[in-house]
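Reader: I would like a close look at one part of this model, the place where the two chains touch. Please go through it step by step.

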Amino acid sequence: MLGLMTTDLNLDDSSVDPLSKEELLARVALGDELAFGELYDQIAPRVLGLVKRLLIDHAQSEEVTQEIFLEIWQTATRYEATRGGASTWIMTMAHRRAVDRIRSSQAGRDRDSKIGIRDLAVAYDHVAETVEVRIEHERVEKAMSRLTQLQRQAVSLAYYGGYTHNEVAGMLEIPLGTVKTRLRDGLIRLRDELGVAS
Amino acid sequence: MTGPRGDNPADLTGAYALNALSADEKADVEAYLDGSESARTEVHELSETAAALGLAAEPVQPSAALRSSIMAKLASTPQLAPVAVAPAAVPPLPSVPMIPAPAEEPADGPTATSDAEASPRVGTAATRAHKRWFQRPTQVLLAAAAAVVLFVGGTFAGQAFNDNQFVEQQAAGMVQITAASDTQRAATTTSDGHSATLVWSNSLGLSAVLVKDLPALGNDQDYQLWYINAAGAAPAGTFDSTGSGTAWRVLDGAMHAGDTVGITVEPRGGSEQPTTDPIVAFQSS
């Protein structure tokens with residue numbers, strides 16, 4: 001029953017609801033539970049998608065997704081639309097919480113045993129080929145392709161793998177200083193390619 | 001500039017935006033960001049870039065049970081008061097009203113801000129206190145609570161939690177407790193009739209108190225929380241209230257199963273041991 005739902009993703013959520021995520025978030029800040037439910041419906045699959053990418057285990061990913069949405073509910077009063085879009089705000093929170101979970105010891109060990117010997121360096125290609133229909137994926141894919149292979153590996157391991165820069169250095173067998181530079185240069189390149197500016 | 005760990009924090013903005021730093025390194029970068037506007041801008045932009053990577057991950061449909069579980073927890077999850085934003089830097093969004101309204105006076109309080117300097121009236125009344133209430137059984141303790149007359153602070157106490165990091169840590173603690181599999185709850189009223197709730201999780205060793213419309217205190221006093229058990233009363237943090245809405249605080253330190261949680265009014269900054277009778281006490285077993 002629940003398994004079937006994963007095949008029924010509504011990928012075109014913006015046309016279904018007249019209210020933007022930013023407007024919904026403003027209502028959530030006033031304690032509007034209906035608006036919260038709508039916001040959840042719009043973005044929960046994206047949040048869970050990222051969290052599961054990081055944590056692998058589905059049940060654990062749903063737990064963390066619950067924490068993320070309760071934090072959205074709590075802190076919607078502090079969202080500043082002038083500082084960026086609602087999706088950005090939410091995905092930033094989601095990534096931080098998922099990474100926190102990985103760094104909490106037992107969750108990290110469970111995850112490592114699930115990942116096994118999977119080569120995380122190719123993780124980015126997997127994302128690109130499965131969701132390439134979506135515009136933002138194409139944008140990201142295109143931007144990613146402008147990085148050097150080494151920058152791309154380092155950024156993917158850190159962001160999608162949830163590894164610290166120390167761990168990335170160990171996996172790629174390069175000095176930590178080099179990883180720092182690659183992560184920063186890689187992200188700056190991505191920023192410029194994606195046209196992100198504040 | 002070199003951080004305590006010998007790094008140049010300016011090199012770490014990328015790793016910071018990707019959450020790829022240890023807690024210590026993260027703190028170094030944040031200290032560095034405090035002093036550099038251009039670095040803050042860079043980190044902001046790189047964080048937005050990282051979020052774009054997040055949106056590119058393949059969506060996964062959550063179970064229906066997750067939605068109902070989250071929706072069921074909203075009512076018991078307090079929302080944070082908005083941070084006061086410097087108007088010159090970032091204009092407040094008109095569509096987001098400030099709640100709870102910080103300018104509101106407690107209904108029955110005197111008004112002048114200078115009143116904040118007035119002497120603590122509760123302290124004197126309650127310190128002639130007899131025995132140490134926190135060493136007595138809870139029943140006695142609750143009776144004592146009911147007998148206390150609480151001075152209602154006459155001035156707006158200000159938003160209790162100004163420090164952003166503290167607020168985030170508090171919010172995270174509250175979410176942990178609310179989302180725990182063994183969350184328990186005890187409801188009662190304070191000595192002057194405000195509804196008060198203790199939520200806790202024995203597995204996490206965490207608890208939080210929530211009090212509705214708790215009166216604001218003057219600048220010279222704080223509410224202080226206590227974990228009380230056979231070993232005595234351990235201070236567990238201070239807080240203040242805006243006088244309206246729900247004041248809440250996740251307690252500092254570890255809760256042990258069966259601990260009693262009490263709130264007293266103490267001189268600003270708190271005391272090492274309770275100096276007044278509690279306005280409320282909860283028994284967690």
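Author: This is a predicted model. Start with one helix pair: α12 of chain A, residues 176–194, packs against α3(B) at an angle of about 75°, and the two axes are 9 Å apart. Angles from 65 to 115 degrees count as roughly perpendicular, so α12(A) is roughly perpendicular to α3(B).

On the chain A side of this helix pair, L187(A), L190(A), R191(A) and L194(A) take part, and they meet E45(B), L46(B), T49(B), A50(B) and A52(B) in α3(B). Sorted by class, the contact of α12(A) with α3(B) has six nonpolar residues, one polar and two charged.

The helix pair belongs to a wider contact between the chains, to which chain A gives 71 residues and chain B gives 56. On the chain B side, the elements that contribute two or more residues are α1 (13–17), α3 (37–55), α4 (64–74) and α7 (164–179). Of these, α3(B) supplies the largest share, with 13 residues. The side of chain B that touches chain A is made up of 34 nonpolar, 16 polar and six charged residues.

Chain B also has an open sheet of four strands, paired antiparallel in the order β1-β2-β3-β6. The edge positions belong to β1 (183–189) and β6 (246–250) of chain B; each has a single partner strand, so one side of each is left without a neighbour in the sheet. From one strand to the next, the twist averages 15°. The partner of β6(B) is β3(B), residues 206–212, and five bridges join the two antiparallel strands. In one of the bridges, L210(B) is partnered with W248(B) of β6(B).

Notes:
Residues are numbered from 1 along each chain as its sequence is written. Chains are lettered from A and ligands numbered from 1 in the order in which they are written. This is a predicted model: local features need pLDDT of at least 70, side-chain atom pairs count only at pLDDT 80 or more; totals for chains, interfaces and linings use all residues. Two residues are in contact if their C-beta atoms, placed from the backbone, lie within 7 Å. Ala, Val, Leu, Ile, Met, Phe, Trp, Tyr, Cys and Pro count as nonpolar, Asp, Glu, Lys and Arg as charged, and the others, Gly among them, as polar. Two strands pair if DSSP finds at least two bridges between them. Axes are lines fitted to C-alpha atoms, for helices over the stretch in contact, and angles run from 0 to 180 degrees between N-to-C directions. Angles under 35 degrees count as roughly parallel, over 145 as roughly antiparallel, 65 to 115 as roughly perpendicular and the rest as oblique.
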